[in-house]
Amino acid sequence: TDDSADRPLMAMLAEQTAKRRGWQDAMRAWFRLLLVAIARQAHAGGCVPPPGNAGVGDDRMEEIAATLEEGMAEPCDLDQLAALAGMAKPSLCRAFKRFTGTTIGGYRMRLRIDAAMRRLREDDASITDIALGVGYEDVSLFNRHFRRLVGTTPGAWRSVSG
């Protein structure tokens, strides 16, 4: 049995019990991870195909998403991703958007910002160190992306969530 949903569930339970400042944001982030785990389990079990063009290239898109998750802090090489998927770059980009509902860049941004939110909450590293740790080379760009997705600056989010 696959217990990949256990970690987000346990974290959500801990967040709900502790109800520290920012617990609602943390719950939303863990909920997204829980949904991904559930969707993967359902897809692996043949219950429900993932969104998009069901069946055609789904395994390849799942592999691309996993590759992006594993290497979120590394530079993204679209040529390598296309080779991994066995597709031309434009075809990969279209298929990935159909599969996930977002672009490869948007997916990577969300992964990085979610990781930054966890780090801002869990450790005392500087915002610059966190930005660099999740793959941003430009702290200004990190701040803009964080504000766009979270609605506030990393410093303000840390002060209300920690």
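**A chat about an all-helix model**

Read along the sequence, the protein follows the pattern α-α-α-α-α-α-α-α-α.

Q: How many helices and strands is that in the secondary structure?
A: The secondary structure comes to nine helices and zero strands. Keep in mind that this is a predicted model.

Q: What share of the residues counts as buried?
A: The protein has 162 residues, and 33% of them count as buried.

Q: And the contacts, what part comes from residues 24 or more positions apart?
A: Among contacts with a separation of 6 or more, residues 24 or more positions apart account for 57%.

Q: Let's pick one helix. How many residues does α5 have, and how far does it reach?
A: α5 covers residues 89-100, which is 12 residues. From its first C-alpha to its last it reaches 16 Å, close to the 16 Å expected at 1.5 Å a residue.

Q: Which residues of α5 are buried?
A: The buried residues of α5 are L92, A95, F96 and F99. They lie on the same side of α5, because they cover an arc of only 100 degrees around the axis.

Q: Why would residues a few places apart point the same way?
A: An α-helix has 3.6 residues a turn, so residues three or four places apart point the same way.

Q: What covers those buried residues of α5?
A: The cover includes α3 (58-70), α4 (78-85) and α6 (104-122).

Q: What follows α5?
A: G101 does, and its phi is positive, near 85 degrees.

Q: Where else is phi positive, in a residue that is not a glycine?
A: K19 is one such residue, with a positive phi of about 45 degrees. K19 sits in the loop between α1 and α2 (23-44). For background, most residues other than glycine have a negative phi.

Q: Back to the inside. How many residues are in the largest nonpolar core?
A: That core has 29 residues, and those with the most contacts inside it are M61, I64, L68, L92, F96 and F142. The elements giving two or more residues to this core are α3, α4, α5, α6, α7 (127-133) and α8 (139-150). α6 provides the largest share, nine residues.

Q: What does L68 touch?
A: Not counting residues up to four places away in sequence, L68 touches C76, L81, F96, I104, Y107, R108 and L111.

Q: What about a second core, which residues does that include?
A: A second, separate core has six residues, including A11, W23, W30 and L34.

Q: Now α1. Is E15 buried or exposed?
A: E15, which is found in helix α1 (residues 6-18), is buried, because its relative accessible area is 8% and the cut-off for buried is under 20%.

Q: What is E15 in contact with?
A: Leaving aside neighbours within four places in sequence, E15 is in contact with R20, W23, A26, M27, W30 and R121.

Q: And R7, buried or exposed?
A: R7 is also placed in helix α1, but R7 counts as exposed, at 58% relative accessibility. The C-alpha atoms of R7 and L34 are separated by 8.3 Å, and these residues are 27 residues apart along the chain.

Q: Last topic, pockets. What is the volume of the second largest pocket?
A: Its volume is about 170 Å³. It is lined by 13 residues, and the closest to its centre are R108, R112, G135, Y136 and E137.

Q: Which helix gives the most to that pocket's lining?
A: α6 gives the most to the lining of the second largest pocket, with four residues. α6 and α8 each supply at least two residues of that lining.

Terms used:
Residues numbered from 1 in each chain as written. Predicted model: local features only at pLDDT ≥ 70, side-chain atom pairs only at ≥ 80, totals over all residues. Heavy atoms only, no water. Expected span 1.5 Å × (residues − 1). Buried < 20%, exposed > 50% of the residue type's maximum accessible area, 1.4 Å probe, protein only. Arc of directions from axis to C-beta. Contact = heavy atoms within 4.5 Å. Core = buried A, V, L, I, M, F, W, Y, C linked by side-chain atoms within 4.5 Å. 1 Å grid on protein atoms, 1.4 Å probe; cavity = no way out; pocket = protein on both sides within 12 Å on 5 of 7 lines; lining within 4 Å. Points joined across faces, edges and corners; volume = space filled by probe spheres on them.
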